[in-house]
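Trainee: Could you take me through one part of this model up close? I'd like to start with a helix packing and then work outwards from there.

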Protein chains: 2
Amino acid sequence: MKEFRVRFTPSGKSIKAPAGTDLVTAAIKAGVMIAASCGGEGLCGKCKVTIAGQEVLACQTIIESDLEVRVPKSSIEEPALLSRESEDFIKGVISGAELGMKREPILEKIHVKFNPPTADDNTDYLERIIKAVEDKIGRMRVSTKLGNIKHLSEVVGDSDFEVTAVLWRTDDGAEILAVEPGDTTGKVFALAFDIGTTTVAGQLLDLSTGSVIGTRIAFNAQSSYGSDVITRIIYASDPNGLLTLSRAILGNINGMISELSGVYDVNRADIYAVVISGNMTMMHLLLKVDPSGIRKAPYVPASAHFDPIHAGEIGIDINPKGMAFFFPGVSTYVGGDIIAGLIACGLPYSEEPSLLIDIGTNGEIVLGNSEWMIGAAASAGPAFEGSGLSCGMKAVNGAVQKVEISKDLFVKLSVIGREKPKGICGSGYIDILCQMLKIGIIKKDGKIDLSIKTPRIRKDKFGVAEFVIVPKNETSTGNDIVINEDDIENLKRSKGAIYSAIAALLNKVGKSIKDVKKIYIAGGFGSYLNIENSIFIGLLPDTDRSAYEFIGNSSLAGSRMAALSRGILKKADSVRKNVTYLDLSGEPGYMDEYVAALFFPHTDLGRFPSVRS
Amino acid sequence: MKEFRVRFTPSGKSIKAPAGTDLVTAAIKAGVMIAASCGGEGLCGKCKVTIAGQEVLACQTIIESDLEVRVPKSSIEEPALLSRESEDFIKGVISGAELGMKREPILEKIHVKFNPPTADDNTDYLERIIKAVEDKIGRMRVSTKLGNIKHLSEVVGDSDFEVTAVLWRTDDGAEILAVEPGDTTGKVFALAFDIGTTTVAGQLLDLSTGSVIGTRIAFNAQSSYGSDVITRIIYASDPNGLLTLSRAILGNINGMISELSGVYDVNRADIYAVVISGNMTMMHLLLKVDPSGIRKAPYVPASAHFDPIHAGEIGIDINPKGMAFFFPGVSTYVGGDIIAGLIACGLPYSEEPSLLIDIGTNGEIVLGNSEWMIGAAASAGPAFEGSGLSCGMKAVNGAVQKVEISKDLFVKLSVIGREKPKGICGSGYIDILCQMLKIGIIKKDGKIDLSIKTPRIRKDKFGVAEFVIVPKNETSTGNDIVINEDDIENLKRSKGAIYSAIAALLNKVGKSIKDVKKIYIAGGFGSYLNIENSIFIGLLPDTDRSAYEFIGNSSLAGSRMAALSRGILKKADSVRKNVTYLDLSGEPGYMDEYVAALFFPHTDLGRFPSVRS
């Protein structure tokens, strides 16, 4: 097939692509992260690029000749420079559950010496090693893969009958994953990953000391093929679509492994385990499992549970003899990331009921204790991640993340990366809503008060009322940054969905928010939340502020715990079996709850006493 | 690299081979089975071919141009047309142990139907299938490989919630190997293989009925790289040597699978299991495991036991999701073929002691009962397979397999395939020895009586006495077929090795041959043995003839049993642990036994009362 050279400026990255490839795909391959959140449907308009002076949508442009493509900054998705405040989030807060867990890594290195064979004792090499290992750890059924036997005679001969076995304890015995010559017990590493729809976080761990070596976070490279799970599932049904999405996320994972191992000088061959948690769709896409059942009623995944698999089999760049482990999920809407989060916050071990609220691209909520758990997915949508709003963006450089609006409508901004503002991220919107409500720019139903006379309040060309946050002469895009009534409506629905889901879960088990001892706030957006503001707009229930606890990326923390403590994944399996999934759409009374929550903060002000006062 | 075209006549088969390839390798690739029993060392002279009228050794000829190579019939190894008498051997005699075993195939197909998911019950598809399977066979830990989940949504959707699970019961649960749409329980097949140094036997089995569909036998294609295990282990140490040997035996296996499935109209995708037994070296070479430890003192294999593996992983052409199972061995000299043979003859289940004597390329002997077993390898060498003798050949067409020598030295021949004779096979040699001893042509020490005046008795150009069996004008080669004193010495050592090994085992446990209830004779050469003659020359002990029982290819029979009865391989594992290996070379008194056996029949005639009379 004919190939063309495509060069992207200003990065200068270039690639050869077969005729007929679209420019988004070519850009991703070249390592240029073009935004295309509609999944290449030509709808979102975020992937604008310039070819020979003409502006086109990259997703709608097919390569038919050599090209030079100018990619404007606004079309590139770049991860935010991490601020000090978010470090805790990114590493995953170390919880009491983690501090209290047994430190027995998921893989061990066992150093053994044994006698050379003699004519009287010509037991084979493998059995000698197994016996020596059993002498150290007790008798069990120990097996190994054929690959480890192939060169065993040489390994044993060269190492003078002194080897290190890399051991994985299975449910009913142990598997020797590799046999290394000599004593290599000091070098055994693992990785923990959280694979979110929007971001991927990875962490390099030293299993010999139990310590975290380094952490990385990146945008999920699948974003170029769709910003949400539904678009990606549709994309996966194209020929090669599933493969493309799997490769995209494997690219993220392997890129992080390459960077972490490079920066911290760890030999990739010494990394023998990865533990991965992610939502149900992410797990299907990573493992190339047909996700179509997730999208169609009655929304059934192919499997909610994936057995450990040798890393080499799925293309993860650690020692190919190493293992990849996956957190099990409950159902389409309560995935392994939530189970990992439950493990991390310790909810399933506490007698008193607690809540886990994970606000990411969607909102997942689990209420329960050591006896029972009930989970629900709030169809909040990705508004809090900036998606679907007229000036929304992710929490990256250029995003307005905090505002103060004075009574005379002077707006003071805090922008991520201290750049010229480009748009508003989720926490910025919550701040804006709060301030606008307090000053009275918007009313409790979310309508903008047009009677206020100021150039900041106006109607756009479609007649929709809007409030100007940043005028165009102060923005990096040259356009006004505004919030309009459609945005407010959208945010109201999102916060209403989360609040009403919490309320529905409490109703279901006959509890009130006062019975809840702890409210764990997890997830990417969650960590930037201001509790006071969130209660003020009616996103979170109005209860004792000390009940709230931020636990950051609890999915990553759960994966890390599983890597550092081998009993965790077994616990996870019993936790998942203990979680009942509540389908809110089929729950009587839920719609009433939802509609009642479509006010700021709520139609029933009695539920928000501190806001009323 | 430059390639040349090589054409072999008279077969007409041709191949492209890179410059530098030797002609034996090229011939094997083209499917022309050139004999080269010395492993391409240029020593045996069996691989003579003609290029442009000039006779050369194929193993010593390097391809440097396009060639036309004439391969004379004498340089080709062709399997014998199977005679009716050997059919039992080839299929493996059906023993009492086999008749009595539980008929529960090693793999099952379980047909299940289940309800479609609903909003109230959105259990994932895999769990639905597992639950339905458990409803049929009882609760257990059921797992499956990722590959079966990938398209599960589609399989389940297309089949209207009715599928067939291919189930393998593991030690601690079960694994679903595949999920097929609809009800396919009627189609589930397996293969049993015996991999010998010289011959390979394969059998196609219908697991739904427990019946044998067809059997094939072929020469081990590795023979072209060496006739015995030592030459092959040396060859394996060359770069790519191990790979070449593994490919050769895989070619045998896959060729048989192709033929059996073609002839008997079985879809290869419906074959889900192979059970393989073979000696320790054959298992290492098949599985590409470094066999070097086997050849060097203290003769330790990398492993004597190989876990089941997915067929696709080792290149066996059945359904790649199917399983390959291997009979475990004890040590370098007592391999899985012997354990399979023990299982087949039932020795480990009997109270009274029995003997299993497997005479193939080497001789392996196990003495024991249900309480104890002791095994030894007789370094008999491959003389009984015709190797190393001046006119020796395998039991193929043209081999003298039976002789009658009258007192006036008239020799009546029986030749395999009723062709002009070409050489003498093992059973032919035993007949010849017997007759020569009876008439007095050879004395008890193996020397030819040169005082007998006949043109059949003479000295060759090196001064070695010989007896002409077939004069050159009656042979297909144009050379005399003779037996000389070197041959007799060689045969005497071989029979002495086997007899003295039996005696040493009996001594070791303080038993006499009269205590032995059954003597099972197994193996390729064994099936052609005449008991009376074998006792007469002192190969087998002189005991009640009714104790002897031919069990043919007991290794194949054991593999078949394991395929048809899932408990067998577990039994095999406990049997192997019950076998003590006796290293004869380190056994006091063994050398005396051996030296005493270097007479016809033995220095102690008291041990051979029926021969004395």
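Mentor: Let's go straight to helix 12 (residues 336–345) of chain A and helix 16 of chain A: their axes come within 7 Å and cross at roughly 75°. The axes are lines fitted to C-alpha atoms, for helices over the stretch in contact, and angles run from 0 to 180 degrees between N-to-C directions. Helix 12 of chain A is therefore roughly perpendicular to helix 16 of chain A; angles under 35 degrees count as roughly parallel, over 145 as roughly antiparallel, 65 to 115 as roughly perpendicular and the rest as oblique. From helix 12 of chain A the contact uses Asp337(A), Ala340(A), Gly341(A), Ile343(A), Ala344(A) and Cys345(A), and from helix 16 of chain A it uses Ser554(A), Ser555(A), Ala557(A), Gly558(A), Ser559(A) and Met561(A). Two residues are in contact if their C-beta atoms, placed from the backbone, lie within 7 Å. Sorted by class, that contact has 6 nonpolar, 5 polar and 1 charged residues. Here Ala, Val, Leu, Ile, Met, Phe, Trp, Tyr, Cys and Pro count as nonpolar, Asp, Glu, Lys and Arg as charged, and the others, Gly among them, as polar.

Before going on, a word on the ground rules. This is a predicted model, where local features need pLDDT of at least 70 and side-chain atom pairs count only at pLDDT 80 or more, while totals for chains, interfaces and linings use all residues. Residues are numbered from 1 along each chain as its sequence is written, and chains are lettered from A and ligands numbered from 1 in the order in which they are written. Helices (H or I, at least four residues) and strands (E, at least two) are DSSP runs, numbered from the N terminus.

Now for what else helix 16 touches. Helix 16 (residues 554–564) of chain A lies across strand 10 (189–195), strand 11, strand 13 (271–278) and strand 15 (323–326) of chain A, at about 155° to strand 10 of chain A. Those strands belong to an open, mixed sheet of 6 strands in chain A, in the order 12-11-10-13-15-14. Strand 12 (211–219) and strand 14 (309–310) of chain A are at the edges with a single partner strand each, so one side of each has no neighbour in the sheet. Two strands pair if DSSP finds at least two bridges between them. At one of the edges, strand 11 (residues 199–206) of chain A pairs with strand 12 of chain A in the antiparallel sense over 8 bridges. If you want to check the register, Val200(A) has Ala218(A) in strand 12 of chain A as its bridge partner.

Zooming out, chain A holds 19 helices and 27 strands. Its C-alpha atoms fill a box of roughly 100 × 65 × 45 Å along the principal axes. The radius of gyration of chain A is 26 Å, which agrees with the value near 25 Å for a compact globule of 613 residues; it is taken over C-alpha atoms, and the globule rule is 2.2 Å times the number of residues to the power 0.38. Of the 613 residues of chain A, 53% count as buried. A residue is buried if 20 or more other C-beta atoms lie within 10 Å of its own, exposed if 12 or fewer, and partly exposed in between, with C-beta atoms placed from the backbone. Among contacts in chain A with a separation of 6 or more, 67% come from residues 24 or more positions apart.

On to the partner chain. The contact between the chains takes 37 residues from chain A and 36 residues from chain B. On the side of chain B that touches chain A, helix 4 (125–137), helix 5 (146–150), helix 6 (152–158) and helix 10 (292–295) of chain B each supply at least two residues. That side has 17 nonpolar, 11 polar and 8 charged residues.

Helix 10 of chain B turns up again in the packing of helix 7 of chain B, whose buried residues also pack against helix 8 (241–263) and helix 9 (280–286) of chain B. Helix 7 (residues 229–236) of chain B is mostly covered, with 6 of its 8 residues buried.

A few backbone spots deserve a look too. Ala297(B) and Pro298(B) are joined by a cis peptide bond with omega about 0°, and Pro298(B) lies in the loop between helix 10 and strand 14 (309–310) of chain B. Phe161(B), which is not a glycine, has a positive phi near 60°; Phe161(B) sits in the loop between helix 6 and strand 8 (162–170) of chain B.
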